[in-house]
Amino acid sequence: MARKRAAIVDAAREAFLRDGYGGASMERIAKDAGVSIMTLYRHAEGKDDLFSAVIAQACHPADQAEQARIHESLQKSLQDVLVFIGVMFQERIASPATIALFRTVMVETLRFPHLAEIAYRGLIGAHQDALDAFLGERDETVSLDAGQRRKLSAAFLDRLVGLDSFRVLLGLEGATDAERLDRAMSASAELISALPAPTGGKH
């Protein structure tokens with residue numbers, strides 16, 4: 001089932017990039033994935049479900065090695081974890097796969113405006129949700145309420161996005177590794193400075 005699901009999502013991604021959302025065919029996706037149309041509909045009710053799955057795939061660790069790297073990073077200090085998350089977020093948003101999806105949405109959004117919300121929630125909102133959940137489990141943020149954590153998560157990710165995002169969308173050179181690291185370090189320091197002072201207990 002997992003292999004079929006992966007094949008379907010891969011075929012859907014290629015279809016959306018090749019034919020656009022409007023031109024993508026469920027029948028062609030099923031054929032390219034090597035499954036029957038009935039099997040495809042057991043995994044997705046329609047193209048919206050498939051598009052959401054394609055967007056979600058762009059946000060998740062690509063392989064076991066990356067998953068292990070993420071798990072290892074989460075054992076470090078809050079500042080180190082935030083820097084890691086900051087760099088990873090910038091790399092993922094600027095990756096060729098993500099940029100291709102952004103461009104597909106931009107082309108199709110006049111005919112299918114709901115795609116913009118799907119893409120934003122999947123590519124940006126999912127990262128904010130994950131960061132918010134992470135902060136909710138850290139001793140350093142135990143005194144914050146849900147609204148405060150959400151605000152910090154949004155501000156952190158906002159701090160990571162610069163004008164180079166537009167350059168990448170236009171096919172020009174984006175931020176360097178050093179620039180991404182510097183931005184992640186600044187965003188991390190800004191978030192930590194906004195935390196209340198420790199009052200005792202585990203930190």
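# Reading helix packing and burial in an all-helix model

Analyst: Let us open with one helix contact. D48, F51, S52, I55, A58 and C59 in α4 meet H114, L115, I118, A119, G122, L123, A126 and H127 in α8. By class, this contact of α4 with α8 comprises nine nonpolar, four polar and one charged residues. Please keep in mind that the model is predicted.

User: How should the relative direction of these two helices be read, and which class describes α4 and α8?

Analyst: An angle under 35 degrees counts as roughly parallel. Helix α4 (residues 47-59) and α8 cross at roughly 30 degrees, and their axes come within 9 Å. That angle is why α4 is classed as roughly parallel to α8. The handedness is a separate descriptor: α4 passes α8 in a right-handed crossing.

User: α8 also packs with α7. At what angle do α7 and α8 pack, and how far apart are their axes?

Analyst: The angle between helix α7 (residues 96-108) and α8 is about 160 degrees, with the axes 9 Å apart. Angles over 145 degrees count as roughly antiparallel, and α7 is therefore roughly antiparallel to α8. The crossing of α7 with α8 is left-handed.

User: Which residues form the contact of α7 with α8?

Analyst: From α7, the participants are T98, F102, V105 and E108; from α8, they are L115, A116, A119 and L123. Sorted by class, the residues of this contact are six nonpolar, one polar and one charged. L115, A119 and L123 of α8 appear here, and they are also among the α8 residues that meet α4.

User: Where does an intermediate angle occur, and how are α6 and α11 oriented?

Analyst: Helix α6 (residues 78-93) packs with helix α11 (residues 177-193) at about 135 degrees, the axes being 8 Å apart. This value is not over 145 degrees, the cut-off for roughly antiparallel, and the pair α6 and α11 is therefore oblique. The crossing of α6 and α11 is right-handed. On the α6 side, the contact involves L78, Q79, L82, V83, G86, V87, Q90 and E91; on the α11 side, R180, L181, R183, A184, M185, S188, L191 and I192. Nine of these residues are nonpolar, four polar and three charged.

User: Turning to single residues, is G86 buried or exposed?

Analyst: Burial is judged from relative accessible area, with buried meaning under 20%. G86, in helix α6, counts as buried because its relative accessibility is 0%. Beyond its neighbours within four places in sequence, G86 is in contact with F156, L160 and A184. A C-alpha distance relates sequence to space: G86 and S186 are 100 residues apart along the chain, yet their C-alpha atoms are separated by 9.6 Å.

User: How do H127 and L131, both placed in helix α8, read on the accessibility scale?

Analyst: H127 counts as buried, at 13% relative accessibility. Outside the four-place window in sequence, H127 is in contact with C59, F89, R92 and L157. C59 was met earlier among the α4 residues in contact with α8. L131 likewise counts as buried, at 3%. With the sequence neighbours within four places set aside, L131 is in contact with L82, I85, S153, F156 and L157. L157 thus appears in the list for H127 and in the list for L131. The C-alpha atoms of L131 and K76, 55 residues apart along the chain, are separated by 15 Å.

User: What is the status of G34, buried or exposed?

Analyst: Exposed means over 50% relative accessible area, and G34, at 65%, is therefore exposed. G34 is located in the loop between α2 (26-33) and α3 (37-43). The C-alpha atoms of G34 and H71 are separated by 34 Å, with these positions 37 residues apart along the chain.

User: What does the chain look like as a whole, and how many helices and strands does it have?

Analyst: There are eleven helices and zero strands in the chain. The C-alpha atoms fill a box of roughly 60 × 40 × 30 Å along the principal axes. Of the 203 residues, 41% are buried. The accessible surface comes to about 11600 Å², with 56% of that belonging to carbon and sulfur atoms.

User: What share of the contacts with a separation of 6 or more links residues 24 or more positions apart?

Analyst: That share is 70%.

Definitions and conventions. Residues numbered from 1 in each chain as written. Predicted model: local features only at pLDDT ≥ 70, side-chain atom pairs only at ≥ 80, totals over all residues. Heavy atoms only, no water. Buried < 20%, exposed > 50% of the residue type's maximum accessible area, 1.4 Å probe, protein only. Contact = heavy atoms within 4.5 Å. Axes fitted to C-alpha atoms, helices over the stretch in contact; angles between N-to-C directions. Helix = DSSP H or I, 4+ residues; strand = E, 2+ residues; numbered from the N terminus. Parallel < 35°, antiparallel > 145°, perpendicular 65-115°, else oblique. Left-handed = near helix turned anticlockwise from the far one by under 90°. Nonpolar A, V, L, I, M, F, W, Y, C, P; charged D, E, K, R; others polar. Areas by Shrake-Rupley, 256 points an atom, 1.4 Å probe, with all protein chains shown as cover.
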